[in-house]
Amino acid sequence: FAGALLAFLVMHEAGFFKPDTSLLCKDCNVVLISLTNLRYDHMSQNGYFRPTTPNLDAFAEDSIVFDNAFSHASWTLPAGISFLTSLYPYRHGVMNRYNGDALSSETRTLVDILRDNGYLTAAFTGGFDYNPAFGLTSRYEKYQECEDEGELWNTISRYGNLSCTMPKALEWIRSNQGRKFFVHVQGYNVHC
């Protein structure tokens, strides 16, 4: 979804096409929820035999759902940068978390485009591959990581999950009602 939205915005900004105005939603808020390692084929709305995602299924009924989307990388850091830049990893250059790779400040992202068009921007993530050091989440006006969620969670994984990021995002959304915003909520719930 994010890649398609970003591609639309970048192509529109560059003047490649004039969109059908009946599809536009001027000043609509944008909420991006990313669940690291959630498999498309394990979501019940996509035909999985177990009811694994009932809330997402209900949300999808009134949403635009892309059935033909592919990740640009097999792991989170380059894929996360790609879906907010619409660039392949070899173009954005962030493919290693241990050698100082960071997104160039010259590379435009969905965050930049929306912020430049008057949107408040915020992200609430589980950290790690979304750390501001990699040059993506540092672009949000408000950024908060959730890595420590108590002793039980830390015995399972050190990554943050939606039980931490979602309440913080909802609080931010409530405090910014009446303004146009872009909020990214991320969790590693299904990662392990």
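## Close-up views of a predicted model

**View 1. D112 and its helical neighbour R115.** D112 is buried, with 6% of its relative accessible area; here buried means under 20%, exposed over 50%, and partly exposed in between (1.4 Å probe, protein chains only). This is a predicted model, so local features need pLDDT of at least 70 and side-chain atom pairs count only at pLDDT 80 or more, while totals for chains, interfaces and linings use all residues. Residues are numbered from 1 along each chain as its sequence is written, and side-chain values use heavy atoms, with hydrogens and water left out. To find the partner of D112, look for R115: their side chains meet in a salt bridge, with N and O 3.2 Å apart. That term stands for a side-chain nitrogen of Lys or Arg within 4 Å of a carboxyl oxygen of Asp or Glu. Both residues sit in helix 5, 3 residues apart, so about one helical turn separates them. (Helices are DSSP runs of H or I with at least four residues, strands are runs of E with at least two, and both are numbered from the N terminus.) Unlike buried D112, R115 is partly exposed, at 28% relative accessibility.

**View 2. A network of salt bridges around helix 5.** Now widen the view a little. R108, D112, R115, D116 and R139 are joined into one network by salt bridges that share partners. One of the pairs to look for is R108 with D116, whose side chains meet at 2.7 Å, N to O. R108 is partly exposed, since its relative accessibility is 40%. D116 is partly exposed too, with a relative accessible area of 49%. Helix 5 itself runs over residues 110-116.

**View 3. T107, in the loop that comes before helix 5.** Where does T107 lie? Follow the chain from helix 4 (89-92) towards helix 5 (110-116), and you will find T107 in the loop between them. T107 counts as buried, because its relative accessibility is 16%. Which residues touch T107, once its neighbours within four places in sequence are left aside? They are T85, L87, D112 and R139, where contact means heavy atoms within 4.5 Å. Two of these names should be familiar: D112 and R139 both belong to the network of the previous view.

**View 4. The pair R39 and D41.** How many salt bridges does a search of the whole structure find? The count is 7. R39 and D41 form one of them, and their closest N and O atoms are 2.7 Å apart. A short reminder helps here: side chains of opposite charge can pair when their charged atoms come close. How open is each partner to its surroundings? R39 has a relative accessible area of 46%, so R39 is partly exposed. D41, at 39%, is partly exposed as well.

**View 5. The disulfide between C146 and C164.** A disulfide is a covalent bond between the sulfur atoms of two cysteines. The structure holds 1 such bond, counted as a pair of cysteine sulfur atoms within 2.5 Å. The partners are C146 and C164, with 2.2 Å from S to S. C146 is in the loop between strand 3 (142-145) and helix 6, whereas C164 is in helix 7, so the pair ties together parts that are 18 residues apart in sequence. Is this disulfide left-handed or right-handed? The torsion about the S-S bond is about -75 degrees, so the disulfide is left-handed. Both ends are hidden from the surface by the cut-off used here: C146 is buried at 2% relative accessible area, and C164 is buried at 13%.

**View 6. G160, a neighbour of C146 in space.** Stay with C146 and look for G160. The two residues are 14 residues apart in sequence, yet their C-alpha atoms are 4.9 Å apart in space. G160 belongs to the loop between helix 6 (151-156) and helix 7. Its relative accessibility is 0%, so G160 counts as buried. C146 is therefore a useful landmark for two of the views: C146 is joined to C164 by the disulfide, C146 and G160 lie 4.9 Å apart, C-alpha to C-alpha, and C146 is itself buried.
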